Amino acid sequence: MKILVAVKQVAVLDEEFALDGADTDPPDALRRRLNELDAHSMEAALILNEGEPGEVVAATVGDQQTEDALRSCLAMGADRAVRVWGEELAGADPLAVAAALAALARVEQPELILCGAQSSDAADAATGVALAGLLDLPRVAVVTAIERDGDRLVVQRELDGGALEVLRVGTPAVLTVQAGVDVPRHATLRAIKQARSKPVSVVAPSELALDAAALEAAAGSRTVRLLEPAEGTGATLLQGAPERIAAQIAEIVREAVRA
Amino acid sequence: MSGVLAIAELRRGEGEQLGVRPVTYELIAAGRELAHQGAGSLAVAVIGPAADAHIDAVALDGVREVIVVPSPEDRFEAHIWQAAVEALIERRAPGVVLAGHTIDSLGFAPAVAARGRHGFASDVTAVSWGEHGALARRPAYGERLIAELDFPGKRTVVLLLRPGANAPAGGEQARSNGGVPTVTRLELDLAGRSRTERVELREAPIGEVDIAKADFLLSIGRGVGAADQVARMERLADALGATLAVSGPLVEAGWASRARKVGQSGRTVAPRVYLALGISGAAQHLGGMSRSQTIIAVNSDPRARIFDVAHYGAVADLFEVADELERQLG
């Protein structure tokens, strides 16, 4: 199966530290890396194609420095990578990114498109479903497991309230992937080296029949300004040594539970 | 045409479990405010197999019209909802469409916006209406900043509001004020619009614990750092008379059962006390607990987003605080 995995390079902030303490990067550092859920969708693509004929193509919309995210995908096992970029895409919102990916998908003609359910930095959770809408493909959002079922797919998703829904969907389709059972594989040093020689093609929007006016029309919003959130809005700060904090918490709990 | 169209969100399994989700009342409150600011009158669309049953629930003060759209399948199906909302926009040309930033809406609203080239923003925490139309605020850069967005040249703007970010509309029925909304039944040809087939629906594993029923939750997140700390926190919860809950990453790591997960893709809880230890406060998590009556948060990161919804916050090492809590109560 030809699978297009749309990924994003994100800014990583301190909430991203590893659970097992193996990640020794300073938690406060602003690093750029492959979006965590996109690593999950890469993994899902590789597993789906294990022992089957097909191709896994990683794609992103971004400037030169986002190529690291594509190299990460290549190191995991993607066959090739495509980066869509032109100045007209600077500051693109999720709908403009979806328009660029849709134009690429019309050229690539994949049987399946996987996207992370959301990015860790912008968290729009919109690009994949917008992409499906533009391509008029069936899609399932927030998927935690994918299996082949003949020429269709059986996918599992988690609903509000914690119930699990199992759906069957035909291909071609778009799925947005939530962290599920498949832990993304770690690339070996050898794979990382090999990834450097794998092809990353760069495609301009104009080559996909997208001009600046079309991208502007596709965009859903414009950022007027960025604001600092009000610090610690409303929370009463409990101060002092741990002993003092614990005593205050115990008192608040006693009062609130009895209220 | 103008106006505000709020898309009601229904509970799953409508046949057995009638009711609209709480986020619907937040949409109505936000829509009412937009109407006051000049966005036009507020209509609420109820899409679903038993949509008629929810008319009274959404016919609140300030709602001018309830539009009932019967759907052919006995479940939420994203492609059917997409077709219904597209038809509503085509017929009514609302200036603003409001829906929840929820698992359901995220399955259709971005597609509606992209196809219609409408304005769009998700995870919106505040919305207003001015001389240039809608203005929305949403978090940016991993919630470190707030972006203010506008939608120049867009006739319709689709906004997904973060659950819990807007105060819900009160229960006052429109009848009491004399402004009974018009009820319109819109029969659309939605048969054949479904593009998925449901194989199975597995209800949430309540199992050993129902965290939604607890008065006092001790909730732990990534900050606990290691699997063996979960058992220790469960002992602390017992000592406090609390029920243990967890954030998503602990379930994904296999450290805790899904039954204990708080979040939009987990259980939504509103206990008397929510004591959060080592929870940073991803939007996904906040959406599942921000209605708790008293929220106490302990986190070593002073910028953790959990402090934005907490009533009491302590920037401290959670283990030191846990030790002290255990000692003082033990």
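This passage describes the contact between chains A and B in a predicted model, together with one covered helix of chain A.

The contact draws 69 residues from chain A and 81 residues from chain B. On the side of chain A that touches chain B, helix H7 (residues 242-258) of chain A is the main contributor, giving eleven residues, the most of any element. Sorted by class, this side of chain A comprises 45 nonpolar, twelve polar and twelve charged residues.

Strand pairing also links the two chains. Strand E9 (residues 164-170) of chain A pairs with strand E11 (residues 196-202) of chain B in the antiparallel sense, over six bridges. Within this pair, A:Val166 has B:Glu200 as its bridge partner. A further antiparallel pairing, over five bridges, joins strand E12 (residues 222-227) of chain A to strand E8 (residues 145-150) of chain B; here A:Thr223 stands opposite B:Leu149. Strand E8 of chain B is in turn joined by six bridges to strand E7 (residues 133-140) of chain B, and these two strands run antiparallel. In that pairing, B:Arg137 stands opposite B:Glu148.

Helix H4 (residues 127-135) of chain A is mostly covered, with nine of its nine residues buried. Among them are A:Val129, A:Leu131 and A:Leu134. The cover over the buried residues of this helix includes helix H3 (94-108) and strands E6 (112-116), E7 (139-149) and E10 (173-177) of chain A, together with helix H4 (109-116) of chain B. The helix of chain A is followed by A:Asp136, whose phi is positive, near 55 degrees.

Technical notes:
Residues are numbered from 1 along each chain as its sequence is written. Chains are lettered from A and ligands numbered from 1 in the order in which they are written. This is a predicted model: local features need pLDDT of at least 70, side-chain atom pairs count only at pLDDT 80 or more; totals for chains, interfaces and linings use all residues. Two residues are in contact if their C-beta atoms, placed from the backbone, lie within 7 Å. Helices (H or I, at least four residues) and strands (E, at least two) are DSSP runs, numbered from the N terminus. Ala, Val, Leu, Ile, Met, Phe, Trp, Tyr, Cys and Pro count as nonpolar, Asp, Glu, Lys and Arg as charged, and the others, Gly among them, as polar. Two strands pair if DSSP finds at least two bridges between them. A residue is buried if 20 or more other C-beta atoms lie within 10 Å of its own, exposed if 12 or fewer, and partly exposed in between; C-beta atoms are placed from the backbone.
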